[in-house]
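This report concerns the contacts of a DNA strand with protein and the salt bridges of the protein chains. Please consult the sequence and the structure shown below.

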Protein chains: 2
Amino acid sequence: MNISDAAAQAGLPPKTIRYYEEIGLVTPDRDPNGYRAFSDVDIHNLTFLARARALGFSIQECRALLALYEDKGRASAEVKKIAKGHLEEIERKIADLTAMRDTLTHLVHACHGDDRPDCPILESMGGRES
Amino acid sequence: MNISDAAAQAGLPPKTIRYYEEIGLVTPDRDPNGYRAFSDVDIHNLTFLARARALGFSIQECRALLALYEDKGRASAEVKKIAKGHLEEIERKIADLTAMRDTLTHLVHACHGDDRPDCPILESMGGRES
DNA sequence: ATAAGGCCTCCAGTCACTGGAAGGTCAAGA
DNA sequence: TCTTGACCTTCCAGTGACTGGAGGCCTTAT
């Protein structure tokens, strides 16, 4: 299977797949003409990667998960540990963003938003204190 | 004021301040010895930038906000528009992360996490369907 | 035979810094 | 006065995870 079909199957851009090969996440064979030839296993792994990335796992985490995925004797505790670590990070990000959102929502409501120059948003960012 | 004092005042690393100068967000004077000399206005602007960045505004947005901040005849509607745009982006990110969190929380709970190899987390990422 | 489209590699750019090397400057202590 | 150490400077390179584009080969259809 050529790269654009593999891309359609896995739901990833061809460029991304080439990049994944470059960093060693997939190792497709090559046809005599130099074209990448993706096997079913390659497609499966690419699909796995697409889903893991969609869940926000980093490339390094994906590398570890993929190795576990291919290791049929793995301990599920390993996987759970990675997932839990990632989950904590996601929750930190949600907390950060939620704090930003609350502050900004407050400021946006406080700003009348007309053609006058006085603006609580700018004041809060430039004022003497936070 | 030298760069490390400016950094302490604004709450930014010196490296970041040099970068901000490089991209034209601040333009401190120079002492005869070549050291950057930060005025009160510079410090004020750096503090403004630190706060805006802490609220997640991009550098481009900060550039616009800073210009409005210095424009005493600005219309607050302009500021509000930028803030609202950013707020929408934050809410999109929160929604994405929340979806990830829900999926992952579910998977983490479903995985027994011992030394056996079967694992719903990997299965969900590698299975035939999502 | 030719034209369109797919494939290849390699290089550069993104965003917002961050680290490090090599070297100039300054203030305090011996 | 000399030295030491902490500053400061510039410049270059790297981060993560791609993405865009140039230049060129290969395949397929007309």
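Is Glu89(A) buried, partly exposed or exposed? With a relative accessible area of 31%, Glu89(A) is partly exposed; the class lies between buried, under 20% relative accessible area, and exposed, over 50% (1.4 Å probe, protein chains only).

The model is predicted, so that local features need pLDDT of at least 70 and side-chain atom pairs count only at pLDDT 80 or more, whereas totals for chains, interfaces and linings use all residues. Residues are numbered from 1 along each chain as its sequence is written, chains are lettered from A and ligands numbered from 1 in the order in which they are written, and side-chain values use heavy atoms, with hydrogens and water left out.

**Salt bridges**

Over all chains, 10 salt bridges are found, each defined as a side-chain nitrogen of Lys or Arg within 4 Å of a carboxyl oxygen of Asp or Glu. Three of them are listed here with their N to O distances.

| Salt bridge | Distance | Relative accessible areas |
|---|---|---|
| Glu89(A) and Lys93(A) | 3.7 Å | 31% and 42% |
| Arg101(A) and Asp102(A) | 3.7 Å | 25% and 43% |
| Glu89(B) and Lys93(B) | 3.7 Å | 32% and 42% |

Glu89(A) and Lys93(A) lie four residues apart, about one turn, in helix 5 (residues 76-110) of chain A. In chain B, Glu89(B) and Lys93(B) are likewise four residues apart in helix 5 (residues 76-110). Helices are DSSP runs (H or I, at least four residues), numbered from the N terminus. A network of salt bridges links Glu21(A), Arg30(A) and Arg36(A).

**Surroundings of DNA strand C**

Arg36(A) is also among the closest of the 19 residues that surround DNA strand C, together with Ser4(A), Lys15(B), Tyr20(B) and Arg53(B); a residue is near the strand if one of its heavy atoms lies within 4 Å. Of the strand atoms that come within 4 Å of the protein, 67% belong to sugar and phosphate.

Polar contacts (pairs of N or O atoms within 3.5 Å) involve both backbone and base of the strand. A side-chain N or O atom of Arg53(B) is 2.9 Å from a phosphate oxygen, and a backbone N or O atom of Ile59(B) lies 3.2 Å from a phosphate oxygen. A polar side-chain atom of Tyr35(B) is 3.0 Å from a base nitrogen.

Helix 2 of chain B gives the most to this surface, with four residues.

Conventions: Polar contact = N/O pair within 3.5 Å; in protein donor to acceptor, adjacent residues only side chain to side chain. Helix = DSSP H or I, 4+ residues; strand = E, 2+ residues; numbered from the N terminus.
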